Amino acid sequence: MPITALNWVLLVVAVVVGYQLPQHRMWVALAGAVWLLATLVRAGVVMPRRRATLDAVYANLQKIAVLPTSTLSRPVSPSQYVTGVKWSSGRAFRSAQLTIGATCPAASAQLLRPTLERAIEQNAPAPAQQEWVFDWPKANTVEFTAVDSDDPRLTQQQVARRIGEAFKSLFRLTPRTAGDGYALDITGWSDETRADGHTVPIPTQMQFAAGSHDLTDPGFRDSIERGFDRLVSCPGEWIYQWDINSQLLGITRQARGSLPARRKLNERKFADDVRSAITKPGKDPVVAEVIDWVDEESDQPARISVDFGTLPLGERKLRDRFEDSLDALMQSRWPDARLLFDWQFDGGATRLDIESVRHDDDRAKRKSVEKKLRNVVESKFGRASTPVDCDILEWQEGLSATGEALPRVARVNFGSVDVNKRETRDEFQEHWDSLATHNDWHYAWKPAEGIVTMTAVPRLPEQLAFPSPGSPEFDESIRLARNGILRFGPQKGGGWLDWDLNETPHGLVGGKTGSGKSVALSIVLFYAMVLPDVYEVIVCDPKRTDFTWTPEFPSVVRFAATDTEIVAAVGLAKQSMDQRQTMLNKLQIRKLQWVRDRYATDPELEREHGPVPKRLILFFDEIADFLAKSSNSDIEELKDEARADLESIARLGRAIEVNIIAAAQKPDAKIISTQLRSQLGFRLGVGPLDQYESQQILNSDHGTRFPDAGTPKGRAWAYDPKNGYRQTQVMFLPDDTMVCPWDPALTLTGAKDMARDRLAELGFAQVMITNNDGGQEPRWVRVENDDDAPAADTADTAGPTPVELSEDATPVSMEKDTAPPIEPWAELTGATEQFEPDNEWAFDEAEPTGDTEPNLADPALGHHTASAVKPAHDDNLNDWPIPAPATTSAPSTASAANDPWSL
């Protein structure tokens, strides 16, 4: 069309020139003739050839370009669709334009245009030494221009086609789906010099529209990125930026070694490490994404999110191996980095949030401690078929002196490991104590579930004084003792070591000299001394060393030292037990405590049967010395009777509140019978013990766990059938008031002084009696008022008068021995003077008159559970938990006579 118009323009110009310049009309006519000849040749020869070329191109591209077919009714002119813009010769063009059909896939799918372009290259070859460069000004119009084979636009076209094919392959596009909004737009190029010296254009920035494809799946995005890197290489690294809301993928090219390139490679490497750490791959792809980096200039990941899909990772062993593998890989690249793992299980899906922190971060230290504890517990108690799971639930604030994190609450799930056996639980507790030594631990067991929860508690103090009168701890101890519960001191793991005589009526206390055994026994006696309305005590002290001071107090109804005296004392306890049993049989009641409950609701029963007897303690120091075989056959015969009585009391004494509290340094099994030993349910081993001593006292090796050097005085192991083995620190209670051994600024009130103060409050008065040696010994008697207190009694030179207990008579005399007070821990107070009195003395008590002694037992005082705190030392607090009665009178003769169990 432009050439035709040009011809006509030339014709008009020639006519005008010929008209205006007559002298040149011949030349004008000659030019016109040439023009006419050329036009005729063009119209007759060139144009038909060109039309034939266009017709051939139309015919060849008609199917692929979806061009209309010419019919008689609807003739189609190919020139409407194929136009030669520039021709190089009569039959070849250098530039052309093709209008494709509206239903041609290339019209709606940009990625399918290369297919049509290749068809054009095949059916309309470019001139020699040239190739077509295609341009799409409209969706249905393609222009192609011939350029030299070294034109850079050809290289760009080839690269664009390869990138388009890569996306078609990665997104698995078909001719049917390719038109659903998928498009590639390369917006930046740069020239790069290849190794052979040639300069080629390489894309620097592109954008791909993903149509309706779901881009929310990180696994799919990761596969696209890795696939594109594999299919389309470049001198550098492709950096990907996904815009899920706009369904766009932006790709830029960065130089190798740049920060974006390093981050990409590190993220890709970390994702590969995650996959390699999985020992049992699942069907779902595992995708790891870096959410944040350590800082703006760092290529070290700070937070990573891992999606495992439905991969089953509920088993702790699998997760532990996975974490260990990642830790090793991470530290190989960043030695100062530590990974923190946060597992999330939502239905069947598993996700993991990973945070990278420095090795000196508190959280990293916590992880290190948790990992160590978990590995040790697993290796010690777990098996391949029975894994053990350990978790730290809470942490203490701050770090230890060595810079380690300190757990506060931990939990171990033993799975199918049987922890119903006490030995298994004890073994675990000993092992855990050795792992976490900065504090003690309280163990809360759920054996049925196979779970134990450990809570950090303060360590046992190395020394602890018995609480001062008036302190809450002292009041609590007295309240418990009134109910038959003897408190010795705080126990390891929190709480207190309380011996419940109602549950475990008899016990054995053992330990070496200087360990604190005598102090533990003094605590037992102290409770009895300050509660004369609750306890009666028969003291058997074969050695006459530590407890010769006890006859001063009214709770002690018999003191025995020689073999014959001890035999008589044991017989007295047996007789009392039989009389108590007779009372229970009459009332058809099984326990003395139930008798008290019955009396509270029916006072007539008390008037009919007499008061309920007090709890009787048969206190035995160095019982093995007494039970040892005697060379005297008469004494041995008496001992056999005492042995039988002891075994009887041990079997039957629980319900009738007759308790045996025995002490021995080495309770040899050959000396103490198996039957008696088996009934001594409560055991207290004080201080370090050797294997033999520990077995004899505790029936285990627990006593050997204390080192010979460095073990605090009073540190002990206790056992009872209900609570098992417990470690405790026996409170220090001296016999006499003294300066605190570990804190000279404190003064510790002695057991004797506290008991004397209490007796004075209860209406007792101290009197002095003269013994056979002419010395003075104190005794306490109940009086109406201070004015009636007797001055002193005279010695009975006839010697000791044994107590004879009968159902219709009240004993009026009791044995009393005297000896100087003995310091409980000689190492703390220096050497102590000990002696054994040469004579025994007895005195007559005044005949009691008046009403019976009021019952100070308060039924509202029950058993309280206290926390393990160090008692305060305040000697200025003198209030007791149990107030003294307003008026106090001695029991009447008639009432005492009706009480066959009164001692």
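Is D391 buried or exposed, and what is its relative accessible area? In this predicted model, D391 is buried, with a relative accessible area of 18%, a value that falls under the 20% cut-off for burial.

**View 1. The salt bridge between R374 and D391.** The side chains of R374 and D391 meet in a salt bridge, with a nitrogen-to-oxygen distance of 3.5 Å. This pair links distant parts of the chain, since R374 belongs to helix α9 (residues 362-381) while D391 belongs to strand β13, and the two residues are 17 residues apart. R374 is buried at a relative accessible area of 10%, and its partner D391 is buried at 18%.

**View 2. The surroundings of W395 in strand β13.** W395 is part of strand β13, which covers residues 389-399. With a relative accessibility of 16%, W395 counts as buried, because buried residues are those under 20% relative accessible area. When neighbours within four places in sequence are left aside, the residues in contact with W395 are R366, V369, E370, A405, L406, P407 and R408. One of these contacts, P407, is separated from W395 by 12 residues in sequence, yet the C-alpha atoms of W395 and P407 are 4.3 Å apart in space.

**View 3. The salt bridge between K264 and E237.** K264 forms a salt bridge with E237, and the closest N and O atoms of the pair are 3.1 Å apart. K264 lies in helix α7 (residues 259-277) and E237 in strand β7 (residues 237-243), so that this salt bridge ties together parts of the chain that are 27 residues apart in sequence. Both partners, K264 and E237, are buried.

**View 4. The salt bridge between E622 and K517, and a salt-bridge network.** The side chains of E622 and K517 meet in a salt bridge, at 3.5 Å from N to O. E622 sits in the loop between β22 (615-620) and α16 (623-627), whereas K517 is in helix α12 (residues 517-530), and the pair links distant parts of the chain that are 105 residues apart. E622 is buried, as is K517. Elsewhere, salt bridges that share partners join E225, D229, E237, R256, K264 and R268 into one network, and the K264 and E237 pair of View 3 is found among its members. A search of the whole structure finds 56 salt bridges, including those between R374 and D391, between K264 and E237, and between E622 and K517.

Technical notes. Residues numbered from 1 in each chain as written. Predicted model: local features only at pLDDT ≥ 70, side-chain atom pairs only at ≥ 80, totals over all residues. Heavy atoms only, no water. Helix = DSSP H or I, 4+ residues; strand = E, 2+ residues; numbered from the N terminus. Buried < 20%, exposed > 50% of the residue type's maximum accessible area, 1.4 Å probe, protein only. Contact = heavy atoms within 4.5 Å. Salt bridge = Lys/Arg side-chain N within 4 Å of Asp/Glu carboxyl O.
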